[in-house]
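The following exercises concern strand pairing and helix packing. Please work through each task before reading its solution.

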Amino acid sequence: MLLEMQGVSVSYGKVSAITDVSIKVPEKGVVTIIGANGAGKSTTLRAISGLARARTGEIRFDGERIDRLPPDRIVARGVVHVPEGRRIFPEMTVEENLHTGAFLRRGAPDVATDLEKVYARFPRLLERRHQLAKTMSGGEQQMLAIGRALMAKPRLLLMDEPSMGLAPVIVEEIGRIVEEISAEGVPVVLVEQNAELALELADYAYVLETGRVSLEGPAPELHGNEHVRAAYLGV
């Protein structure tokens, strides 16, 4: 397994966010985490990327513990987080935002090549490369956030609610992008409120309820699970 999260609990002050959460991510494919608002999905990703400190348990990436490392050292190992709400730099241009993704790779000879690859994947970013990020649409900003993450050359990509607030046609495009990234050999951990989309894209799925893993299994099996269908798919 590329990533193993074992018995992890995270609290914000006296409030428990996740309790005894264990997930595994293989070397390829898409793993999704679904659940209601407040179930702990985003906290799980934040724990992996070092933005939330694990109170108990451990997280291993490629066999090495990362749960006590600062976020920049976790990124340097190849774990890259596309946060909820995109979190781009609004007063910077598209190209400047993309270069921030490669900050830890300064001087690497292939940064320019990777920038070309991002522009090839997202032609709209190329068209708007000198435009301030705040002037772009929500869908374009989401593409920018994903492009910035790809500039960090991820070995594992964490994506938090990439479809949130986007028009259906853009949601379809984001889904296609997730599939392409996975097909190119970068495993993805996908947190999605849109459970239908998440289970269509994923190979394996976890259901979080009140901070704990309540169900897990191959995504097609969970898609057919009566509880999942009633609680998250509206069936």
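Two strands are said to pair if DSSP finds at least two bridges between them. The model examined here is predicted.

**Exercise 1. The four-stranded sheet**

Task: Determine in which sense E1 and E2 pair, and over how many bridges.

Solution. Step 1: Strand E1 covers residues 3-12, and its pairing with E2 is antiparallel over seven bridges. That number satisfies the requirement of at least two bridges. Step 2: One of the positions that can be inspected is Met5, whose bridge partner in E2 is Ile23.

Task: State the strand order of this sheet and explain why one side of E2 and of E5 is left without a neighbour.

Solution. Step 1: The sheet is open and consists of four strands in the order E2-E1-E4-E5, with antiparallel pairing. Step 2: E2 (15-25) and E5 (64-65) are at the edges and have a single partner strand each, so one side of each lacks a neighbour in the sheet. Step 3: Helix H1 (residues 41-49) packs on this sheet and touches E1, E2 and E4 (56-61). The direction of H1 makes about 115 degrees with that of E1.

**Exercise 2. The six-stranded sheet**

Task: Give the order of the six strands and identify the pairing as mixed or otherwise.

Solution. Step 1: The order is E6-E7-E8-E3-E9-E10 in an open sheet, and the pairing is mixed. Step 2: The edges are held by E6 (79-82) and E10; each has a single partner strand, so one side of each has no neighbour in the sheet. Step 3: From one strand to the next, the twist averages 15 degrees.

Task: Trace the partners of Ala205 in E3 and in E10.

Solution. Step 1: E3 (residues 30-34) and E9 (residues 204-209) run parallel and are joined by four bridges. Ala205 in E9 stands opposite Thr32. Step 2: E9 pairs with E10 (residues 212-218) in the antiparallel sense over six bridges. Here Ala205 has Gly217 as its bridge partner, while Glu209 is partnered by Arg212. Step 3: Two residues separate E9 from E10 in a hairpin, and Thr210 in the turn has a positive phi of about 45 degrees.

**Exercise 3. Packing around helix H6**

Task: Describe how H6 is placed relative to H7 and which residues make the contact.

Solution. Step 1: The axes of H6 and H7 (residues 168-183) come within 10 Å and cross at roughly 10 degrees. Step 2: H6 is therefore roughly parallel to H7, and their crossing is right-handed. Step 3: H6 contributes Gly139, Gln142, Met143, Ile146 and Leu150, and H7 contributes Ile170, Glu173, Ile174, Ile177 and Ile181. Step 4: These contact residues divide into seven nonpolar, two polar and one charged.

Task: Carry out the corresponding analysis for H3 and H6.

Solution. Step 1: The axes of H3 (residues 94-101) and H6 (residues 138-150) come within 6 Å and cross at roughly 35 degrees. Step 2: H3 passes H6 in a right-handed crossing. Step 3: Val94, Asn97, Leu98, Thr100 and Gly101 of H3 meet Leu144, Gly147 and Arg148 of H6. Step 4: The contact comprises three nonpolar, four polar and one charged residue.

Task: Decide whether Gln141 is buried or exposed.

Solution. Step 1: Gln141 lies in H6 and has a relative accessible area of 15%. Step 2: Buried means under 20%, so Gln141 is buried. Step 3: Apart from neighbours within four places in sequence, Gln141 is in contact with Arg86, Ile88, Ala133, Lys134 and Met136.

How values were computed:
Residues numbered from 1 in each chain as written. Predicted model: local features only at pLDDT ≥ 70, side-chain atom pairs only at ≥ 80, totals over all residues. Heavy atoms only, no water. Axes fitted to C-alpha atoms, helices over the stretch in contact; angles between N-to-C directions. Left-handed = near helix turned anticlockwise from the far one by under 90°. Contact = heavy atoms within 4.5 Å. Nonpolar A, V, L, I, M, F, W, Y, C, P; charged D, E, K, R; others polar. Buried < 20%, exposed > 50% of the residue type's maximum accessible area, 1.4 Å probe, protein only. Parallel < 35°, antiparallel > 145°, perpendicular 65-115°, else oblique.
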